[in-house]
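Me: Please take a close look at one part of this protein for me, and tell me what surrounds it. I'd like one connected walk-through.

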Amino acid sequence: MNSPRAVLQALVALVLLNLLLSFGNAWPTLWPRPEARLSIDLAAIVLALALLSLRGPLRRTAVVVASAVISAGVLLHYINVTVPAVLGRRLDLYWDGQHAWEVLKMGAASPSAMKFAGVAVIVALAIAALYRLIRRCVVVLTESLQHPALRASVLAGAVAVLGAAVLAPQLAPALQRVFAPSIGSLVADQARMLHRALFAGEDEHLLGTSPVFTGKLDALEGADVVIVFAEAYGAITLDEPDFAASLATSRQRLADAIDASGRSVVSARLTSPTFGGGSWLAHAELLSGLDMRDPNDYRLLLTTQRPTLVSYFAAHGYRTVGWMPGIQRPWPEGRFYGFDRIADAEGIGYRGPPFGYWRIPDQASMAQLQAQELGPARGEDHRPRLVVFPTVSTHAPFRPLAPYVADWSAVLGTDAYDSPDAVAAREAAVSWDDPVPAYLAAMRYQFDWLAGWLSSHAPADAVVIVVGDHQPMGTVTGPGADWDVPMHVITRNEAVLAHLLNRGFRPGLAPEPPALGPMRALTLQLLDAFGQD
């Protein structure tokens with residue numbers, strides 16, 4: 001006969017373990033949130049323990065293994081529900097894991113580095129305490145399973161949960177919400193992605209057919225083309241009313257600067273191949289015209305000699321420049337594009353103080369680009385330029401953020417950011433739990449320096465393309481955001497503007513939905529616009 005105490009202890013142990021394997025994310029924070037759901041993984045573990053207990057009391061080894069498996073499951077479940085909430089996309093342990101150290105360095109490089117280290121210690125202690133709690137629950141549960149009637153009830157309950165989970169998708173889809181995301185499914189998905197990354201080979205046909213880069217660039221008439229990949233510039237800046245209102249003044253200032261400079265702007269929405277990170281996938285998709293939603297395809301692309309906008313412009317007499325302030329270590333991947341010049345964080349020439357992990361303010365990067373490649377001092381090489389410039393100041397964690405400097409010549413020197421405002425800006429604390437204010441400030445900065453550059457410095461006949469590489473991370477956008485980004489083409493070239501307007505672009509800086517298509521769909525549209533007779 002079961003004692004009431006054994007039943008109560010078993011019930012408490014099961015409830016606690018289920019809570020640890022079924023919580024959700026308390027968006028926009030990194031904290032878990034209890035949810036009234038059932039863990040399929042716990043049901044499977046409990047079923048295994050109950051079956052093993054039919055042969056007698058479980059050995060200590062079984063308890064240790066079960067406790068370790070559940071502890072690992074809790075950590076994986078935390079990752080499984082937190083990463084999509086933070087990034088806005090599913091986890092890819094193989095590819096995301098390669099950048100985990102850089103993300104940690106971003107946090108450690110901020111003024112809150114000591115706080116970051118303290119959090120790491122607390123997390124380690126919390127994991128140790130978690131294991132002790134889980135092991136105690138497992139011990140209580142295995143002792144309770146020695147009561148035959150109670151064991152039978154636990155067995156029946158575990159089978160019922162697993163059976164309902166299997167049948168729910170076919171018989172009652174709404175019932176699926178009762179079950180927490182399965183760690184087993186996560187592990188299976190990651191294993192498939194890992195196999196694809198490591199063992200699928202490098203058969204180039206997996207990339208599909210590249211666009212046919214043909215024709216000329218006659219409509220450009222030898223003008224410079226500057227492609228600014230605006231980091232984390234997403235459609236959320238237009239679609240979220242509070243965001244749009246906060247950015248309205250700066251966006252209008254940019255529009256006024258474009259108009260005053262004698263240029264016009266047309267805009268559209270595109271769907272990025274990535275969300276919250278992985279900027280290089282967006283860069284590669286627009287430049288190659290190929291689908292880059294799978295990071296494995298990006299890696300495969302780099303092993304080929306597929307044509308890109310860079311190689312196409314080079315073949316038509318352009319000097320091609322990769323202006324890469326975010327590259328802080330060797331970048332052998334850059335050889336694929338074949339730029340005439342790749343200027344990384346060390347090669348750009350910035351001499352001012354570092355602003356956080358990303359070091360170089362976008363305004364200073366553009367000022368150096370203007371001085372070295374786009375202005376009158378471009379040297380003896382008078383070829384027109386194709387520049388690809390991925391920005392960094394709007395990259396998470398969005399702080400420290402440099403102030404805009406009205407005197408552009410000043411940011412070429414060493415003392416441009418010695419003002420009290422700049423010193424205070426370098427000491428601004430990063431907030432990962434509440435990044436929206438910093439994100440909006442970074443976006444206002446982006447509009448401001450673009451306005452300043454177009455007003456007084458950009459080559460008069462240049463075609464400037466500003467395209468968001470992806471939406472900001474999920475803690476900014478909120479759950480369920482789309483993957484759309486704005487694209488702006490700014491120029492005095494009426495033929496280019498008219499062609500794009502006929503292809504679905506709209507005047508101004510606020511393109512309405514829907515998106516014209518994936519980012520790769522615009523590659524040939526641009527060439528068509530540039531190649532008119």
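Reply: What follows is a walk around one strand, then its sheet, then the loops that follow some of the strands.

First, the ground rules. This is a predicted model, where local features need pLDDT of at least 70, side-chain atom pairs count only at pLDDT 80 or more, and totals for chains, interfaces and linings use all residues. Residues are numbered from 1 along each chain as its sequence is written, and side-chain values use heavy atoms, with hydrogens and water left out.

The strand to look at is β8, residues 463-468. Helices (H or I, at least four residues) and strands (E, at least two) are DSSP runs, numbered from the N terminus. How much of β8 is buried? 6 of its 6 residues are, with buried meaning under 20% relative accessible area, exposed over 50% and partly exposed in between (1.4 Å probe, protein chains only). Go through the two faces and you find Val463, Ile465 and Val467 on one side, with Val464, Val466 and Gly468 on the other, all of them buried.

Now for the neighbours. Strands of a sheet pair through backbone hydrogen bonds, either parallel or antiparallel. Here, two strands count as paired if DSSP finds at least two bridges between them. β8 runs parallel to β3 (residues 225-230), joined by 6 bridges. Val228 has Val466 as its bridge partner, and Ala230 has Gly468. β9 (residues 484-491) runs antiparallel to β8, with 4 bridges between them, and there Val467 stands opposite Met487.

Zoom out and you get an open sheet of 8 strands with mixed pairing, in the order β6-β5-β7-β3-β8-β9-β4-β10. Its edge strands, β6 (341-343) and β10 (506-507), each pair on one side only. Helix α16 (residues 436-456) packs on this sheet and touches β3, β7 (385-390), β8 and β9; contact means heavy atoms within 4.5 Å. The direction of α16 makes about 175° with that of β8. Axes are lines fitted to C-alpha atoms, for helices over the stretch in contact, and angles run from 0 to 180 degrees between N-to-C directions.

The loops have some odd backbone spots. Most residues other than glycine have a negative phi, and most peptide bonds are trans. Ala232, in the loop between β3 and α9 (236-239), has a positive phi of about 60°. At 2% relative accessibility, Ala232 counts as buried. Arg359 also has a positive phi, about 65°, in the loop between β6 and α14 (362-374). At 27% relative accessibility, however, Arg359 counts as partly exposed.

Then there are the cis bonds. Ala396 to Pro397 is cis, with omega near 10°, and Pro397 lies in the loop between β7 and α15 (420-426). Pro513 and Pro514 are also joined by a cis bond, with omega about 5°; Pro514 is in the loop between β10 and α19 (521-530).
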